[in-house]
Amino acid sequence: MKLQFVYLYRNLARNPRRTLLTCAAVALPITVFVLSMAVVDGFNQFLDNSTRQLRLAVTHKTSIVNPLPEGHRRKIEALDPTGRRLLAVCGLRYIGGQREDDPTPLSTLAVDADTFAACFPEQRLTAEELELWNRDRQAIIIGRGTAGDMGWKVGDRVTIMPSVPPYQPLEFHVVSTAEKAEDFVTNWCRRDYLEEVLKEAGALEGMVTFFFVKCAGKADLDHYRAEIDRQFTGSLDETKCQDEKTFMNEFITQQFDLPTNLSILAGMTVFVAIMAAANTMSMNFRDRANEVATLKSLGFGGGFAFGLIQSESLLLCAIGGAVGALAPYVAFTFTPLRDFTIPLIQTLIIMPGTCLKAMLIAMAIGVLAAVWPSWQAFRMKVVVALRQFE
Amino acid sequence: MNDPEQYVGLPLYYNWRNLLARRLSTALTFTVVAVLVAVLAVLLSFAAGIRASLTASGSALNVMVLQTGATAESTSIVNPDEVGRLIQTPGIASDAIGQPLLSQELCVQTSIPRRGQAGALANVAVRGVDPAAFSVHDEVRIIEGRLPAAAALEIIVGKAAADRFQRLDIGDTVELGRAGNRFYKVVGIFAAGGGALESEIWAPRTILSDSYDRRFVSSVVMRIQGAGFAEEAISYVRGSAVRLNARLESDYYIELTSKTRQIVTLTTILIAIMAVGAVFAVANTMYAAVDGRRREIAMLRTIGFARRSIVVSFMIESLSVCVVACLFGLALSLLINGSRRDFLSDTTWTVLAYDLRITPGIVLAALGLATSVGVVGGLAPALRASRTRIIEALRKS
């Protein structure tokens with residue numbers, strides 16, 4: 001065994017340039033694999049978080065863009081008069097918007113002030129922030145990322161030009177920058193203030209883009225998903241009720257279906273890494289065919305030769321895999337790249353599990369890449385090989 | 001060959017034989033570069049397809065009017081009194097009977113299942129139009145069936161929408177309206193020069209307004225007499241007489257192409273990392289080739305081939321593998337050329353169907369990438385080969 005380790009080390013050190021190039025040729029596709037899978041994991045985690053929130057999304061049956069009357073809220077609440085199973089119903093109206101002098105699009109939603117905190121507990125508002133929110137109709141919670149980009153802070157008066165009616169500047173008072181919220185992009189303002197402005201402007205009022213319904217448990221989620229739709233069957237504004245995960249997933253799959261496409265890309269990168277590693281191992285075997293023949297003639301068996309080539313390939317790819325997996329982990333955890341944002345999943349978090357998976361894949365690449373050369377070594381006929389000895 | 005540094009090229013046959021002598025190694029390097037090029041081409045074809053579809057949309061002779069502050073037709077409300085003021089717009093073109101070419105359009109959306117994907121719904125745009133729309137959007141023409149009859153619950157469907165979404169063939173019925181209880185019959189399929197309008201469903205505006213209980217339009221598109229009238233017309237609409245937002249229709253669609261910039265950025269980052277990996281793979285192969293042919297190189301130098309000839313020869317080898325692999329990768333990517341996809345615009349909140357396109361620009365980008373990989377990966381080994389010490393290498397033989 002000791003001989004095998006010494007031989008392995010010597011082989012890798014014998015051609016350091018080749019060792020280095022092979023490690024790099026494996027490491028870089030593994031980096032792409034880790035980045036792609038981190039985005040896919042981010043989407044999955046985002047969807048899992050949505051599942052954990054036990055919320056239903058209620059939209060218009062015909063299309064998400066068609067609004068629903070705000071009166072639907074009372075009818076949904078009436079499905080559980082005790083309020084034990086349907087904890088909160090919150091109407092949301094899309095505002096979008098931008099600053100008056102800056103075309104950067106904002107993500108702003110007007111929400112029912114009284115049920116917002118109960119329906120979206122992941123916003124983690126402090127008691128003080130909540131009090132300001134309840135007291136001031138012009139209150140707005142700015143996502144901390146947006147606040148940083150726009151230079152807004154608590155106490156500021158900010159003006160947003162909505163992308164929808166009433167198409168006139170709306171003035172808000174920043175009461176929070178959602179320091180502990182998972183979502184750090186979206187801004188939340190009060191719908192009663194928006195309704196007041198819509199009324200003054202003579203625009204269509206009393207409509208919401210969708211409702212979010214917070215349920216007490218999984219069973220309630222399943223029960224009310226059907227119950228809410230049944231409640232509005234036959235009405236002018238029928239609803240389509242989905243759990244939040246399904247609702248969000250519809251958006252994701254319609255926008256290039258990034259998780260599927262990135263998974264395909266990750267598969268391709270693994271294939272590229274296999275090809276690169278197989279190339280090296282075939283070159284190594286060809287260069288050392290004489291040595292393998294000599295070893296066999298000295299009495300070492302086919303298994304020894306097989307194991308030698310397999311372990312060399314495994315080690316090379318494991319080193320490449322470790323570098324390729326750890327480089328993005330370090331970059332996106334400890335450098336300014338950690339602030340890099342992607343729509344919906346927001347920060348790109350490289351999970352240790354993803355790195356571990358990538359390293360295991362790199363080792364599998366090593367095994368696969370050496371299958372042919374090691375089999376050749378195993379089956380090598382000593383006499384034939386030595387005859388070719390130069 | 002008296003001058004030792006005189007350049008005399010090695011025959012290409014020599015390079016070809018050398019590549020064949022290391023078949024497996026050549027094939028594996030070839031595969032790495034071919035996959036890299038195919039991935040690059042496929043990723044860029046998404047952006048090219050969307051860009052081609054959007055830039056083919058809209059005319060530079062049309063002025064599109066939205067409500068001030070609205071970023072897209074789906075969030076715009078233009079009231080009838082505002083439409084009335086637009087008739088006075090300077091430079092507006094007229095039809096044969098002197099009516100201003102002004103198309104009032106109502107945009108709503110409906111969810112329609114995609115073909116071949118059970119349960120996957122797409123948010124498809126439904127545009128309510130008057131007959132004037134066909135003069136203003138003169139690229140729109142019926143390719144199958146007929147136009148909707150006046151005051152009938154009938155629709156025509158864009159070619160891309162009919163291909164991509166279910167139940168949009170002629171004779172099918174689509175449920176539209178605020179309550180989804182108006183049954184519109186598909187009576188025609190239209191083309192729009194490959195532009196975004198081909199992803200839409202068109203219905204008579206008054207009937208659609210009634211179905212959705214809408215008393216306004218989303219946008220107004222005006223045909224102007226010539227490109228020279230555009231500035232004046234836009235200023236008029238933005239000015240105190242109308243106070244709406246106007247821009248060239250072509251500019252509106254070009255602004256929607258911003259999504260493609262994200263795809264190109266993502267593609268560039270991922271491909272750059274993969275390309276560096278490919279450079280290492282090529283360099284590895286070429287170093288192995290140099291190491292294995294040291295005596296051969298020394299012999300070539302002895303019989304008078306200059307260092308430059310050796311460098312060029314190895315570069316030809318490296319480049320040939322990469323360029324041929326590139327052509328193979330491009331041929332692979334052509335398999336998806338023209339296949340139809342769609343995406344949900346986060347500006348309009350409707351889906352845009354587009355064809356994946358392998359454009360000449362993508363071919364050039366792929367060739368550029370493969371050439372760079374070949375040059376960068378092959379240069380260091382080629383230089384190493386040219387510096388082979390003749391006596392030392394020959395002594396080893």
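Helix α5 (residues 127-135) of chain A lies across two strands of chain A, β5 (139-141) and β7 (170-176), and runs at about 160 degrees to β7(A). The model described here is a predicted one.

Both of those strands belong to an open sheet of nine strands in chain A, whose order is β6-β7-β5-β8-β4-β3-β10-β1-β11 and whose pairing is mixed. At the edges stand β6 (157-160) and β11 (239-243) of chain A, each of which pairs on one side only. From one strand to the next the twist averages 35 degrees. Strands of a sheet pair through backbone hydrogen bonds, in either a parallel or an antiparallel way. Edge strand β11(A) is joined by five bridges to β1 (residues 55-60) of chain A, and the two run antiparallel. Within this pair, V58(A) has C241(A) of β11(A) as its bridge partner.

Two single residues of chain A can be followed next. A216(A) sits in the loop between β10 (210-215) and α8 (218-232) of chain A. Is A216(A) buried or partly exposed? A216(A) counts as partly exposed, because it has 15 C-beta neighbours inside 10 Å, while a buried residue needs 20 or more. Its C-alpha atom is separated by 4.9 Å from that of R85(A), although the two residues are 131 residues apart along the chain. When residues up to four places away in sequence are not counted, A216(A) touches R84(A), R85(A) and L87(A).

V208(A) is found in strand β9 (residues 207-208) of chain A. With 24 other C-beta atoms within 10 Å, V208(A) is buried. Leaving aside neighbours within four places in sequence, its contacts are P67(A), L68(A), E70(A), G91(A), L92(A) and R93(A). The C-alpha atoms of V208(A) and T51(A) are separated by 23 Å, and these residues lie 157 residues apart along the chain.

The helices of chain A come next. How do α2(A) and α12(A) pack? They pack at an angle of about 45 degrees, and their axes are 7 Å apart. That angle makes α2(A) oblique to α12(A). The crossing of α2(A) past α12(A) is right-handed. On the α2(A) side, the residues that meet α12(A) include T19(A), C23(A), A27(A), I30(A) and V34(A). Among those they meet in α12(A) are L316(A), G320(A), G324(A) and P328(A). The residues of this contact between α2(A) and α12(A) divide into 15 nonpolar, six polar and no charged.

Helix α12 (residues 302-334) of chain A also packs with helix α10 (residues 258-287) of chain A, here at an angle of about 140 degrees and with axes 11 Å apart. That makes α10(A) oblique to α12(A), since only angles over 145 degrees count as roughly antiparallel. This crossing, of α10(A) and α12(A), is right-handed. From α10(A) the contact takes A277(A), T280(A), M281(A), N284(A) and F285(A), and from α12(A) it takes I309(A), E312(A), S313(A), L316(A) and C317(A). By class, the residues of the contact of α10(A) with α12(A) are six nonpolar, three polar and one charged. L316(A) and C317(A) are named in this contact, and they are also among the residues of α12(A) that α2(A) meets.

The contact between the chains takes 44 residues from chain A and 43 residues from chain B. On the side of chain A that touches chain B, α2 (16-52), α9 (244-254) and α10 of chain A each supply at least two residues. Which helix gives the largest share of that side? The largest share, twelve residues, comes from α10(A). The side of chain A that touches chain B has 24 nonpolar, 14 polar and six charged residues.

In chain B, strand β9 (residues 219-223) is mostly covered, with five of its five residues buried. Both faces of β9(B) are covered: S219(B), V221(B) and R223(B) are buried on one side, and V220(B) and M222(B) on the other. Four bridges join β9(B) to strand β1 (residues 62-66) of chain B, and these two run antiparallel. In that pair, M222(B) of β9(B) stands opposite V63(B). Strand β2 (residues 102-113) of chain B is likewise joined to β9(B) by four bridges and runs antiparallel to it. There, V220(B) in β9(B) is the bridge partner of Q104(B).

Terms used:
Residues numbered from 1 in each chain as written. Chains lettered and ligands numbered in written order. Predicted model: local features only at pLDDT ≥ 70, side-chain atom pairs only at ≥ 80, totals over all residues. Axes fitted to C-alpha atoms, helices over the stretch in contact; angles between N-to-C directions. Parallel < 35°, antiparallel > 145°, perpendicular 65-115°, else oblique. Left-handed = near helix turned anticlockwise from the far one by under 90°. Contact = placed C-beta atoms within 7 Å. Nonpolar A, V, L, I, M, F, W, Y, C, P; charged D, E, K, R; others polar. Pairing = 2+ DSSP bridges. Buried ≥ 20, exposed ≤ 12 C-beta atoms within 10 Å, placed from the backbone.
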